[in-house]
Amino acid sequence: MKDAKDLEFMAAALEQARAGQETPGGAQVGCVLVENGAVVCSSFNEGDLQCDPTAHAEMVGIRRLCKERKSTSLKGITVYCTLQPCGMCTMACLWAGVSRIVYGAARNDVNSVYFESRHFDTADFIHQAFRDDLDVKGGVLSKECTSFYLKPEDTAPNDPAHDVTSSPSLS
Ligand SMILES: [Zn+2]
């Protein structure tokens, strides 16, 4: 039952990814927040739209729903995202107290440009934040989700987070 629902809500997240792709300044990462079996918030990446490098799909959704509810707690909410949440979004989920994270394409399915260079895995973050009770499930509609992103072997455009000239020297 939970699996069938996961497919249904990931399909809704894919719709958001499509909307992000078609929106100038948006990007093809989609997210829906679900509570008691119903979508309560939908979002996509609005980074360029808002000139905000933190406006990932999950961040936009969390901010939108918290503001609407005048609350900092999203307890009981499941976050569905077409791409494995990055470190920032995982931490935001922890701060918001969400109960479950479900994602489609995993970090290893896509180009490294989508993730911070020194990556902590989503599950590591949760473990290290002592939230072992937060359920994480990946690979839902993986093929459909992965089709939105550059492949690991593709050449990715430069962006500030991946500019090697700005990396701190290790010497
Ligand atoms: Zn993110």
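Two strands pair if DSSP finds at least two bridges between them. The exercises below apply this to a predicted model.

**Exercise 1. Determine which strands β3 pairs with, and in which sense.**

Solution. Begin with β4. Strand β3 (residues 78-83) and strand β4 (residues 100-105) run parallel and are joined by five bridges. Within this pairing, T78 stands opposite R100 of β4. Next, take β1. Four bridges link β1 and β3 in the antiparallel sense. Here V32 has Y80 in β3 as its bridge partner. Strand β3 is therefore paired with β4 and with β1, since both bridge counts reach the required at least two.

**Exercise 2. Describe the sheet as a whole, and explain why β2 and β5 each have a side without a neighbour in the sheet.**

Solution. As general background, strands of a sheet pair through backbone hydrogen bonds, either parallel or antiparallel. In this model, five strands make an open sheet with mixed pairing, in the order β2-β1-β3-β4-β5. The edges are occupied by β2 and β5 (135-137), each of which has a single partner strand, so one side of each lacks a neighbour in the sheet. On average, and with direction ignored, neighbouring strands of this sheet are turned by 15° against each other. Helix α1 (residues 2-22) packs on the sheet and touches β1 (27-35), β2, β3 and β4. The direction of α1 makes about 140° with that of β1.

**Exercise 3. Characterise β1: its pairing with β2, and whether it is enclosed or not.**

Solution. First, the pairing: β1 and β2 run antiparallel and are joined by seven bridges. A27 stands opposite N45 in β2. The two strands form a hairpin with two residues between them, where N36 takes a positive phi near 50°. Second, the burial: eight of the nine residues of β1 are buried, so the strand is largely enclosed by the rest of the structure.

**Exercise 4. Identify the residues with the most contacts inside the largest nonpolar core, and the element that gives the most to it.**

Solution. In general, nonpolar side chains of soluble globular proteins tend to be buried together. The largest nonpolar core of this chain has 46 residues, and those with the most contacts inside it are A13, V79, Y80, C81 and L83. Elements giving two or more residues to this core include α1, β1, α3 (57-69), α4 (87-96) and α5 (122-128). The most is given by β1, with six residues. V79 serves as an example: leaving out residues up to four places away in sequence, V79 touches C31, L33, E58, C93, V98 and I101.

**Exercise 5. Check the span of α3 against its number of residues, and state which of its residues are buried.**

Solution. At 1.5 Å a residue, the 13 residues of α3 should span 18 Å; the end C-alpha atoms are 18 Å apart, so the two values agree. The buried residues of α3 are A57, E58, M59, V60, G61 and I62. They are covered by elements including α1, β1, β2, β3 and α4. Just after this helix, K70 takes a positive phi of about 50°.

**Exercise 6. Classify E46, C51 and L141 as buried or exposed.**

Solution. The cut-offs are 20 or more C-beta neighbours within 10 Å for buried and 12 or fewer for exposed.

- E46 is in the loop between β2 (38-45) and α2 (47-50). It has 20 C-beta neighbours inside 10 Å and therefore counts as buried. Beyond its neighbours within four places in sequence, E46 is in contact with G25, G26, A55 and V60.
- C51 is placed in the loop between α2 and α3. It has 9 such neighbours inside 10 Å and therefore counts as exposed. Its phi is near 50°, a positive value in a residue other than glycine.
- L141 lies in the loop between β5 and α6 (142-146). With 21 C-beta neighbours inside 10 Å, L141 counts as buried. Its phi is positive, about 50°, although L141 is not a glycine.

**Exercise 7. Test whether the radius of gyration of the chain agrees with that of a compact globule.**

Solution. For 171 residues, a compact globule would have a radius of gyration near 16 Å; the chain has 15 Å, which agrees. Along the principal axes, the C-alpha atoms fill a box of roughly 50 × 35 × 30 Å. Of the 171 residues, 39% count as buried.

Key:
Residues are numbered from 1 along each chain as its sequence is written. This is a predicted model: local features need pLDDT of at least 70, side-chain atom pairs count only at pLDDT 80 or more; totals for chains, interfaces and linings use all residues. Two residues are in contact if their C-beta atoms, placed from the backbone, lie within 7 Å. The radius of gyration is taken over C-alpha atoms; the globule rule is 2.2 Å times the number of residues to the power 0.38. Axes are lines fitted to C-alpha atoms, for helices over the stretch in contact, and angles run from 0 to 180 degrees between N-to-C directions. A nonpolar core is a set of buried Ala, Val, Leu, Ile, Met, Phe, Trp, Tyr and Cys residues joined through C-beta atoms within 7 Å. The expected span of a helix is 1.5 Å times one less than its number of residues.
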